[in-house]
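Trainee: I'd like a close look at just one part of this structure. Could you pick one helix and walk me through how it sits in its surroundings?

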Amino acid sequence: MSKLTIAKLGNPILRQAAAKVDPREIRTYDIQQFIDDLIQTMLDEPGIGLAAPQVSRSIQLVVMGCEGEDGFPQTVLINPKIIFYGPELVENWEGCLSVDGLRGKVTRPSVVRVKALDRQGKSMDFEATGLYAVCIQHEMDHLIGKVFLDRMTDMSTLTQIHEFNKYWQHDPVPVI
Ligand code: ZN
């Protein structure tokens, strides 16, 4: 397995819409190896989610996973679609592996229902809440060329990490 290089804000690939993965290609060595490398890179950073465009491959594939109390299982989503957004909105601090050193508050629906293919190419259909729902929406934004900064409604919450730790929160915010 190899660690992949993270594309940072300003890299045009982060602003492109990613192409669908041909379901017949999911089980190929190339895609399976890429998924393993993406997971390894996410764990090494560390982050709780990583989208293929963030490592300069513009395809609709994301990985995520987070241990601990608010955590969620390791998940691979290929060609994901959100088919339902819950009516309630929640505000969370977000950070991004492609946006070094910044945190900002983003408001998103608290529940999403997702359809996608898994790494075996099987259909998944599930509902996610809490951090899982935030992570899914953040990652899927990467597939349409958006970053969390575009989703911020109040730019006055944009905070550098040092000041964030000092003034806002002492627990680290997971970066996605
Ligand atoms: Zn991100």
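Mentor: Sure, and let's settle one word before we start: a residue counts as buried when its relative accessible area is under 20%. Keep in mind, too, that this is a predicted model.

Our part is helix α2, which covers residues 130-142. Helix α2 is mostly covered, with eleven of its 13 residues buried. The buried ones are Y132, A133, V134, C135, I136, Q137, H138, E139, M140, D141 and H142. From first C-alpha to last, α2 reaches 19 Å, close to the 18 Å expected at 1.5 Å a residue.

So what does α2 lie across? It lies across β1, β2, β3, β6 and β7, running at about 70° to β3. Those strands belong to an open sheet of five, in the order β1-β2-β3-β6-β7, and their pairing is antiparallel. At the edges you'll find β1 (49-51) and β7 (123-129), each of which pairs on one side only. Going from one strand to the next, the twist averages 40°.

Now zoom in on a pair inside that sheet. Strand β2 (residues 61-66) and strand β3 (residues 72-85) run antiparallel and are joined by five bridges. Take M64 as a spot to look at: its bridge partner in β3 is T75.

Helix α2 has company on this sheet as well. Helix α1 (residues 29-44) packs on the sheet, touching β1, β2 and β3, and its direction makes about 40° with that of β2.

Notes: Residues are numbered from 1 along each chain as its sequence is written. This is a predicted model: local features need pLDDT of at least 70, side-chain atom pairs count only at pLDDT 80 or more; totals for chains, interfaces and linings use all residues. Side-chain values use heavy atoms; hydrogens and water are left out. Two strands pair if DSSP finds at least two bridges between them. Helices (H or I, at least four residues) and strands (E, at least two) are DSSP runs, numbered from the N terminus. Axes are lines fitted to C-alpha atoms, for helices over the stretch in contact, and angles run from 0 to 180 degrees between N-to-C directions. Contact means heavy atoms within 4.5 Å. The expected span of a helix is 1.5 Å times one less than its number of residues. Buried means under 20% relative accessible area, exposed over 50%, partly exposed in between (1.4 Å probe, protein chains only).
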